[in-house]
Structures are given as structure tokens and as C-alpha cells.
Amino acid sequence: MSKRSILIVTIGNTDIKVLAKTKAGKTILKNTNDRSRSYLEKNDHIKKATNGTGDYILNENTITWNNDLSNLDYLEAKPGFVDFEDIERKPCVHCKNKSTLPTTELIADEDNRIQLVASKLLPLVEHIKQAEDIDLPKLVMVLNTDRPELDDKSLRQKEPYMFGSLLTRWLCEQFNLSYVGQLALPSVPSEQHAFYESCTKETLKSWQHAAPEGIGFFVNYLDGDQLAEGHCKDDPVLRLALTRIQACIQAATETYPDSNIIYSPGGGFAKFKPQIEAICELYTSKVYSWHEPEAELSDNKPGEALSDTHKFPSPDVSYRARKQCITLIKNGNFQGAAAIAAFFTDSKNKNLCDKNWAAAITEASLWLQGRSGLEALHQSVKKAQNTAVQNSTKPILPFKQESEMPNTLWAAFRVEAALRQGNIQDAIRFCCDISDIALQDLVGCMQSPANYELKPPVKIDSKQDKNNKGKKKAAKFISLPLAKEHTSYTDALTTLISDQGHSKKTSIQKILTKEGNLELNTNIKPRENSDLVGSLALNIVCELRQAAAQSSVTLKDLSQSHPLQMFEIKLNEPLEGRGTPRHYRNQITHGFMSETETNNAEQAFIDSKLWAEKDCNTRFLQQPLIMDLYCSFHLPDAQNQPLAELYRHFTDTLIAILRNAPVDFEPKSDIPEQKEPVMER
């Protein structure tokens with residue numbers, strides 16, 4: 001097997017047990033306490049290395065490992081610890097003087113040796129060896145604690161001070177790796193924490209070079225008199241300890257790149273376990289987490305499970321991710337929320353309830369980027385709402401079809417979102433685009449119930465082109481000049497907007513040339529043909545803009561006070577000591593805008609009443625200029641709501657999905673999934 005894994009285990013004071021027998025004759029495992037360990041050391045059953053490190057070695061003549069759990073009556077010990085000083089009265093290790101054994105008797109092997117059992121790690125090792133889809137470890141890292149200087153005696157007695165060395169040696173024997181001892185990390189000031197990663201990586205490289213078959217080591221992430229808690233009451237864990245752990249895991253993944261991680265959080269401090277798993281996921285793409293679920297052990301075998309953390313992310317991961325998404329959405333950062341949700345939409349993730357909320361957030365972000373249609377957004381949101389704990393069926397936007405919604409609403413949402421993020425330069429771009437988008441809405445959607453399109457493609461004459469016989473010539477869009485009687489920008493736009501609310505078709509026809517290769521198709525709406533190479537509405541907008549560029553007449557000179565005119569006036573109105581708001585858009589597009597200029601630009605948009613002051617929650621959608629412009633589309637009452645209310649409902653719907661997403665959801669097999677067509681923008 002060419003690829004290998006990295007095995008990381010956390011251990012505590014119950015990770016090594018001894019084989020014992022109850023008075024009733026039941027074979028069990030008993031925990032060892034600090035007196036037991038000191039006894040074993042004092043009587044040379046376990047020897048401490050003389051090199052000043054935390055190395056411990058078993059005396060193979062008196063103590064050994066038992067790697068067979070098949071004869072156990074109980075896998076785990078009953079409450080309490082075995083105390084060797086209480087039960088050992090004679091040289092015979094397994095104590096024939098049963099009068100001194102109130103509850104248990106040690107079981108010696110055939111060579112009269114004490115039998116130790118790595119009870120939490122043994123099922124994992126057997127599983128790894130037998131699993132065909134799990135790579136054998138190339139590196140073993142045991143995370144231990146050794147704190148002899150603690151003031152609290154009860155805490156000192158719980159320290160697994162020799163277990164790091166003993167279990168690392170045992171794991172190396174199981175996987176044929178070289179035991180390299182303790183990785184010692186000294187205490188350094190916080191500003192020098194980067195030292196840990198560099199020195200750890202350097203040490204691992206040297207060990208790897210000396211033992212290419214693979215290595216095993218242990219590290220004490222807590223030592224001396226360090227406590228697990230942080231330095232202040234609100235800090236859950238000691239961050240120095242996490243820094244040490246992170247340095248070791250990062251160095252290991254860089255020393256053995258492209259390795260999967262197998263993480264066993266069996267022993268040690270519970271508060272560190274989710275932190276360590278998160279570190280593992282930070283530095284590798286695949287993490288297998290070992291768990292022993294609660295189960296009836298009728299066959300005397302542990303109910304082990306080595307789970308892929310990417311396939312079924314832990315619920316706490318989902319809760320935290322959803323909390324982050326809520327914060328980002330409130331601040332207008334829909335793309336950031338979608339980036340977090342992407343982990344849960346991955347094809348490897350089998351958690352359906354996470355997929356639903358994540359898909360809704362992703363679709364909302366794509367819709368705001370113009371990469372997805374309204375129908376796809378409705379479908380995704382509805383699916384997430386149907387599985388929510390508190391069900392809501394109200395649509396995210398009051399438009400059933402793409403063709404009903406003005407693009408101006410979409411563009412206005414983008415401005416508001418950018419401002420809430422503090423992304424001023426994007427807000428400037430999007431805001432200056434609104435006048436063109438609104439004009440296109442007025443021309444292509446609001447003023448006419450139909451769409452102008454090219455005549456059907458002409459069939460190719462076989463006499464002219466034998467190679468393409470029977471095929472059709474692709475329809476090409478022909479530039480539309482303004483009609484001769486409306487050649488000026490002023491006349492054309494005045495004619496266009498003067499019929500607002502009256503004749504919806506005649507005003508457009510008045511400004512079109514009579515000679516274009518176009519016909520009126522009353523069965524097709526503009527948005528449903530957005531993939532045509534240039535729509536009529538967009539072409540008219542371009543023609544009007546080109547006419548305006550060649551004319552000295554501006555919107556300000558028009559007699560009509562249409563909201564679109566007022567919006568244009570504010571974009572092009574010079575401010576004292578500064579350029580026009582549109583000037584800043586041109587500067588961003590064609591050059592660089594410094595921090596000072598960006599601040600000046602923001603103030604210019606505020607002074608022009610295009611944006612509200614910086615301390616306002618809603619900075620664009622409640623401004624009279626955009627509110628009046630949206631009202632000029634004369635939408636039905638259900639759709640003609642204040643833009644700020646529509647945006648609030650948009651975000652509130654997504655936040656409700658995130659708050660109410662279930663952690664346990666089984667789709668009903670008798671209800672077929674509804675698939676709706678996806679609209680391309």
C-alpha cells in the first residue's frame with residue numbers, strides 16, 4: 001500500500017488497564033491509579049529511562065501486553081481502580097493469598113506476568129489492520145499530559161504520566177514503526193509560537209530520514225503546572241496547549257503530505273477533543289474519527305466505528321457553520337455564507353438535512369451573482385423550508401416567474417448587500433449600473449407585454465452551399481438605429497417615458513426604425529429569451545446611451561420628472577470640491593482608487609442622497625430615489641412592496657432556514673421529489 005495515514009490519539013489515565021478477575025470469577029479490565037503506576041515503577045515492572053525524557057519501558061520478565069479481548073466478560077472496568085499495594089502481599093504477581101483480595105484478583109499469563117491492556121486503542125488497531133479502505137499509519141502521534149508540579153494532589157494523581165511512552169511503544173509494535181520517543185516542546189512567549197511549528201517540522205524531518213519505514217512519538221501538550229483551562233474565566237482551553245497540538249499536526253501533514261488522518265479521541269480532556277478534530281480537518285482533506293458507540297456487546301466485541309468526518313459532519317459543526325452563515329447574511333456577505341455552505345453540499349456529504357439548508361444558501365448567492373434564476377432559487381428554498389423544524393411556505397420573493405420581476409430589484413439588492421459588507425467600490429459599480437438596468441426594465445418589460453425578436457433563421461439554399469444542405473443560417477442581431485423622427489436622445493427618451501402607465505406598446509414603436517429585421521411575437525416574454533444574442537431592450541438602451549454621448553443634452557434638460565431622470569441627475573450632478581458620483585465609477589473601472597478617494601466617493605454618494613449615512617442599517621433601499629424608481633414600474637400590489645421590506649424578507653427567510661434546519665431528517669419515500677425547470681439568467 002503506497003499511501004499511508006497519520007494516526008493521532010489522545011490518552012488519559014484510564015487508557016491502560018490490567019486484566020483481573022472478580023470474586024465471582026468474571027474476567028474484567030480494571031483501571032490503574034497513580035499508586036498502581038508508582039508501584040509498578042518502584043518494583044521495576046516499568047522502568048523509567050535515564051536520559052531525562054519521559055520514556056518508560058516495560059520489564060518484559062514481569063509485565064506484558066495482552067492483545068486479546070475475546071475472553072472478557074466485561075469490556076470496561078466497573079467503577080474503581082486496582083491498587084497493587086493493597087493486593088500484593090507475596091512475590092507471586094497474581095496473588096494466591098485471596099484473603100487480601102476483597103473484590104478482584106490479577107490474572108497472570110503463563111509466564112506469571114501482569115497483563116496490561118490498551119483497552120481503548122486495541123479495537124481501533126484491529127479495525128485498521130482489517131479494513132481494506134483504510135491506509136496503515138506511517139506516523140503515530142500520541143497526545144499526552146504530564147503535570148508533576150500541579151498544586152492539587154487529586155489532579156496530580158490522575159495524570160497519565162507514563163502512558164504516553166508506553167502506548168506509543170505499543171502502537172509502534174502493532175504497525176511496525178520506529179519508536180523515536182518524546183517530542184519535547186518548551187514553553188515560549190506567545191509572540192514566539194511560530195517557533196513550535198518550525199522546530200517540530202525540523203525534528204520530524206530528521207526522524208523521517210532516520211526511520212523511513214515510519215515513526216511514532218508522543219508529546220505532552222500540558223506539562224509542569226499547566227491547567228486545561230485558559231488564563232481567564234471565559235477562555236475554555238489553554239491556548240498554548242492548542243498551539244503545541246496544532247504545530248505537531250501541521251508539521252506531520254507537511255512531513256507526510258497527502259496523508260489521511262485517523263483520529264482517536266478516546267482519552268484525555270473532553271474539551272480538547274473537538275478542537276483537535278477541527279485542527280485535523282484544517283490540515284488534511286480526509287479525517288477518520290474513531291468512536292465506540294454505546295451498544296450491547298453480546299458477542300464480546302466492541303461496537304467500533306471509524307467514521308469519515310466529511311461524510312456525516314458532526315452536528316456541532318453544522319450548528320457553528322449555520323451561526324457563521326447567519327452573521328454573514330446579516331452583513332450582506334452571501335458569497336461568504338455560500339463558501340461555508342459548500343462543505344455541506346459536497347457530494348461526499350450524506351447528511352440530507354445539512355444539504356437542504358446549504359443548497360438554499362448557495363442558490364441565493366448564485367442568484368445575487370446573476371448565475372442562477374429565480375425559479376431555481378424558489379425550488380431550493382421551498383425544499384429547505386419543507387424540512388425545517390418550524391415550517392414556512394411563504395416564498396422568498398413575491399414573483400412566481402423570472403419574467404415578472406424587474407432586474408432593478410436584483411440590482412438594488414446587490415447595492416445594499418455591498419454596502420452592508422463595507423464593500424464601497426462594488427457598491428459604486430452596482431449603483432451606477434442601476435439607471436441602465438432600470439431603463440432596460442422600462443423598455444423591455446414594463447412598457448411592452450411582448451418581445452421583439454429576429455425572424456426565424458432562413459433555410460440554406462442547397463445550390464449556394466452544398467456542404468450545409470438543409471441547415472439554417474444562424475440568426476444574427478442587427479443594430480437598431482433610432483427612427484429618423486426621433487434621432488436625438490432627448491426626443492427618444494421623452495417619448496419613451498411620456499406614455500408611462502398609458503399605451504404600453506406605442507411608445508417603443510415610435511422610437512424604432514421601420515427598417516429593422518424584426519417582428520412582434522406576442523407569445524414570448526423578454527426574460528424567457530435572455531439567452532438571445534442581444535435583446536431588443538438592451539439594444540435600445542445602448543442606442544440611447546450612444547445618442548446621449550453624442551449630444552450636449554442631458555437628462556436634466558428633459559421636461560418630464562420621471563424617477564429614472566431624477567436618479568440619473570444625481571449620478572451626474574457635480575458636487576462642490578468633488579466629481580460626480582458616476583466619475584468615481586469611471587475611476588474604479590479604468591484606474592485605481594486609493595483609500596482616501598474611496599472615502600470621498602462614499603461621502604459623495606451620501607451627499608447626493610443616493611445612499612444613507614454610514615450608521616444606518618439600510619443604506620440604499622430606503623432612499624427615496626430608488627424607492628420612487630421601483631414604484632414607477634407599476635407592479636401589482638403583492639409585488640409593489642418597499643424594497644427594504646422585500647430585502648428584509650429575503651434575508652429573514654434564509655436566516656429562518658438556518659435556525660430551523662433539522663439535525664435528523666429522513667425524506668419520505670412516498671412523496672416524489674418535485675423537479676422544476678432551472679431558469680438561466
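A contact here means heavy atoms within 4.5 Å. In this predicted model, among contacts in the protein chain between residues at least 6 apart in sequence, 72% join residues at least 24 apart. The secondary structure of the chain comprises 22 helices and 17 strands, and, of its 681 residues, 51% count as buried. The surface that the protein chain exposes amounts to about 33,900 Å², with carbon and sulfur atoms supplying 48% of that area.

Lys17 offers a local view of this chain. The residue belongs to strand 2, which covers residues 17–22, and Lys17 counts as buried because its relative accessibility is 2%, where the cut-off for buried is under 20%. From that position, the side chain of Lys17 reaches the backbone oxygen of Thr14 at a distance of 2.7 Å.

Confidence needs to be considered alongside these values. The average pLDDT of the protein chain is 76, and 70% of the residues score at least 70. Two stretches with pLDDT below 50 are set out here, each with its contacts in the model.

| Stretch | pLDDT | Contacts in the model |
|---|---|---|
| residues 472–490 | under 50 | 52 contacts beyond four places in sequence |
| residues 667–681 | below 50 | 24 contacts beyond near neighbours in sequence |

How should predicted coordinates be read where pLDDT is low? They should not be read in detail. The 52 contacts listed for residues 472–490 come from a stretch whose pLDDT stays under 50, and the 24 contacts of residues 667–681 likewise come from a stretch with pLDDT below 50.

How values were computed
Residues are numbered from 1 along each chain as its sequence is written. This is a predicted model: local features need pLDDT of at least 70, side-chain atom pairs count only at pLDDT 80 or more; totals for chains, interfaces and linings use all residues. Side-chain values use heavy atoms; hydrogens and water are left out. Helices (H or I, at least four residues) and strands (E, at least two) are DSSP runs, numbered from the N terminus. Buried means under 20% relative accessible area, exposed over 50%, partly exposed in between (1.4 Å probe, protein chains only). A polar contact is a pair of N or O atoms within 3.5 Å; within protein, one must be able to donate a hydrogen and the other to accept it, and residues adjacent in sequence count only if both atoms are side-chain atoms. Accessible areas come from the Shrake-Rupley method with a 1.4 Å probe; for residues, only the protein chains shown count as cover. pLDDT is the predictor's confidence in each residue, from 0 to 100.
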